[in-house]
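Here's a quick look at how the inside of a protein chain packs together. Have the coordinates open as you read.

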Amino acid sequence: MMQRSGEISHRLTRARTLGQWRAGAIARRDLCDADFILVTASRFHGNPAGYPCPVCEGKDLRIVYWVYGDELGKASSTARSMEEIEAFVAEGKTFRVHTVEVCPSCRWNHLLSEVTVTNGGASDGG
Ligand SMILES: [Zn+2]
């Protein structure tokens, strides 16, 4: 069982950032600065967001999970699928998962939330 704790939502920051962009206070190039690694990761490991990009309204907006933690060894700071994350948890690892929104079209990217995941122990006793 995957247990989540210490979740931090960054949706307010996202809304504020987008508001500042619409008001002309932030340049689009400062919002749309996803690097090559992030865009590539979004294509290979990302899932469709299910809603359009808030900047360019592109339909290819992706959700990518990045994992961080000493217990992950060299897998730390890499993009992972939810299946891989569940496998790490099943191995007993505790680590942080960052959920990042990435638009491969305009390179908009934003951290949506971060959470600690850990193995809560099997619940299928008996
Ligand atoms: Zn976009």
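What follows covers the cores, an aromatic pair and one strand residue.

This is a predicted model, where local features need pLDDT of at least 70 and side-chain atom pairs count only at pLDDT 80 or more, while totals for chains, interfaces and linings use all residues. Numbering runs from 1 along each chain as its sequence is written, and side-chain values use heavy atoms, with hydrogens and water left out.

The largest nonpolar core (buried Ala, Val, Leu, Ile, Met, Phe, Trp, Tyr and Cys joined through side-chain atoms within 4.5 Å) has 25 residues, and C53, F95 and W108 are among those with the most contacts inside it. Of the DSSP runs (helices H or I, at least four residues; strands E, at least two), α4 gives this core its largest share, four residues. A second, separate core has nine residues, including V39 and V100.

The whole structure holds one aromatic pair (ring centres within 6.5 Å, using the six-membered ring for Trp; planes under 30 degrees apart are stacked, over 60 edge-to-face, the rest tilted). The centres of F88 and F95 sit 6.0 Å apart with planes at 90°, so this one is edge-to-face.

Here's how accessible three residues are (buried is under 20% relative accessible area, exposed over 50%, partly exposed in between; 1.4 Å probe, protein chains only).

| Residue | Relative accessible area | Class |
|---|---|---|
| F88 | 13% | buried |
| F95 | 2% | buried |
| S5 | 39% | partly exposed |

S5 belongs to strand β1 (residues 2-9). Beyond neighbours within four places in sequence, S5 contacts (heavy atoms within 4.5 Å) R96, V115 and T116. S5 and R96 are 91 residues apart in sequence, yet 9.5 Å apart C-alpha to C-alpha.
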